[in-house]
Amino acid sequence: MTSSAAVSWNAVVVPSSPLMVGPLGFASVVWSAGSAAPRADADPLGNVRALALDAVRWLVSASPSRVVVLCAPADPSNVARGVTVPLGERVARSLLSAAGFTGEVVIGTSSEWSSRPSAGEAVPEGTGVLVVGDGSARRGEKAPGHLDERAFDFDASVEKALRDCDATALSALDPSLGADLLAAGVPAFRALGSLPGAAAHSAVVDYAGDPLGVQYWIVRWPCAS
Amino acid sequence: MTLRLGRQSFSDDASLMMAIVNRTPDSFYDKGATWAEDRAFDRVAQVVDQGAEIVDIGGIKAAPGVEIDAAEEISRVGSFVGRVRSSYPSLVISVDTWRAEVGRVVCSEGADLLNDAWGGADPELVDVAAEFDAAIICTHTGGVTPRTRPHRIEYADVVASAIADTTAYAERALAAGVARESIVIDPAHDFGKNTAHSLEVTRRLSEMVDTGWPVLVSLSNKDFVGESLDLPVGERLIGTLAATAFCAQAGARIYRVHEVVETRQVVDMVATIMGSRQPARVTRGLA
C-alpha cells in the first residue's frame, strides 16, 4: 500500500446513465415544451443527478488543476452507429461544466492520458479523479438487461469495495462477469483500484440505489492525509 | 410499385392493415388473451371481418422473458397457420419470426410473408422466403440481439442507420432470390431505439419512403407513445392513431396494428385529405 502521506487526490464516483446529462437524456427535445406539467416521476433520476452534481462540486472545491475521468470506452456497437465519444466522458464533461470546472480534463480511456502514473508512482499533485460507472443493469425483469440473479451479489461486492476503499478488490473485479451483467462501471472501477494510493482513502457513500433496474452509486473518496 | 405478398397483389395506392394475432401467453398488449388456439382463431375471424388484409401471427413476445426454442415456437404457430390457411384461402398470412427453421415450417403451412422483427438475426431467413416465393419484412434494430431491450443505444443518425440497414437487408433478400415486389422495409419503432429515436424515425419517415421500398410501420400501443403522453398500455390508442396519421401522410403502406377499424379510418381519412382516395359520398352543398 502506498503511504497515505503521499496521497493527495480526491475521487468521486457517479452513475453513467444518459439521464445524468438531462431529464430526458437527449438534448434535442426541449423539456416542458408541452402544455401539461410533467408528472412527479417524469425525471426519475433528478435526485441522483443533483447528488452527483453536489459530489462533483465537492471534487472541484479542492481546486484541482486537472480532473482525470475514469470511464468505460465507447460501446463498440454505438461506435459502429457513429457515436464515438464514450458516454462516461459526456456525463463527466456535463457534470464538470455544471460544477464550474474550467481546468484540464483528461479522459482515462484514451491514449491522451499520458500522465497516467505507473505502479509505485504517485498521482500528480493537483489531480482530481472522477469515476463514471454503474453496477449491473440486470436487476429485475423490467431492467434494461432483464433479470440475472448474479447481479445482486456482484453489485454488493463492488459496493463493499467502494465503501472500504479496497483497491485490491476493485482492481480484481471480473471484467467478463461485469460484461455479462451489463455492469458498465467495471473498467472504471478497476482503473480506480489500480491508481497509486487508492487504498489510502476513506469513503462517503452519498447514494446507492437501483431505481431503474441499474445499480447506481455516488461515492466521495476524500484523501486520508 | 405493386406489392405482392405471397398469393395476393396490391396496387401501389393501397394501404394495408396487418392485424396482430398473438399465440403467446405474455405479449405486452393483450397479455395472453389469444394464447389458447381457439381464441387466436376467433381473433383472426374478427380482424378479417374488420377488413384486415393481413394477419401477423406471432409465437414469441418481443420483450425479454422465458426462452422459447424453435420447437416450442413451431408448436405455437406451425399448425395454426395451416388451420387459418384452410379457413381463409385468400387471406395474407404473415408470421412474426426471426428463425429460418420456423419460417420453413410456416411457409409450408401456407404463410405468405415472413415478418423478421429482429432485422436479419438469422441470415438464412431470406433463403426460406426465396424458396417459398414468400414476401419478407426487413426491419431495423441497430444490430441488437433478439428479445433484448435497448440500453444506452446511440446513433449518430438513427434514420440514416435505419435506411442503410433496411435497404441493405432488402438487397440481401433480393440477391437471395426474393421477388423485388415482395420486399418491405420497416424502421421498427422501439426496437433498438429509445423514445427519442422512435420519434425521429416517425418525424422523418418520408426519407424511408423515398428509398422506393414499401414501408411498414408498427406503432401500435408502443412505449414511445406511452412515454410521449405519459400513458400506460391500454390507454395509448389515440396517440397511436396520431402517429399513424403522420406516417400515412409520409407514405407508409402497411400498418401493423392491434386496432384495425380505428387505424383504417385514420389512414383512409389521411388519404382522402391528400387526394389519393375519393370520399365515400359527396353531396354536401352540392344538391
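The following paragraphs describe chain A, its interface with chain B, and the surroundings of Arg236(B) in a predicted model.

Local features were considered at a pLDDT of at least 70 and side-chain atom pairs at pLDDT 80 or more, whereas totals for chains, interfaces and linings use all residues. Residues are numbered from 1 along each chain as its sequence is written, chains are lettered from A in the order in which they are written, and side-chain values use heavy atoms, with hydrogens and water left out.

Chain A has an average pLDDT (the predictor's confidence in each residue, from 0 to 100) of 86, and 82% of its residues score at least 70. Below 50 lies the stretch of residues 25-37 of chain A, which has eight contacts (heavy atoms within 4.5 Å) in the model beyond near neighbours in sequence. Residues 110-115 of chain A also have a pLDDT below 50, with eight contacts beyond near neighbours in sequence. Where pLDDT is low, the predicted coordinates should not be read in detail.

Seven helices (DSSP runs of H or I, at least four residues) and six strands (runs of E, at least two) are found in chain A. Their order along the sequence is β-α-β-α-α-β-β-α-α-α-α-β-β. Of the 225 residues of chain A, 46% are buried, that is, under 20% relative accessible area with a 1.4 Å probe, protein chains only. Among contacts in chain A with a separation of 6 or more, 74% are between residues 24 or more positions apart.

The interface comprises 22 residues from chain A and 14 residues from chain B. About 1,500 Å² is buried between the two chains, 50% of it from carbon and sulfur atoms; this buried area is the accessible area (1.4 Å probe) lost on putting the two parts together, summed over both. On the chain B side, Arg149(B), Arg152(B) and Glu154(B) lose the most area to chain A, together 49% of what that side buries. Two salt bridges (a side-chain nitrogen of Lys or Arg within 4 Å of a carboxyl oxygen of Asp or Glu) link the chains. Arg90(A) forms a salt bridge with Glu154(B), with 2.8 Å between the closest N and O atoms.

Within chain B, Arg236(B) occupies the loop between helix H8 (223-229) and helix H9 (237-250). Arg236(B) is buried, its relative accessible area being 8%. Beyond its neighbours within four places in sequence, Arg236(B) contacts Asn221(B), Lys222(B), Asp223(B), Val225(B), Gly226(B) and Leu231(B).

Technical notes. Buried < 20%, exposed > 50% of the residue type's maximum accessible area, 1.4 Å probe, protein only.
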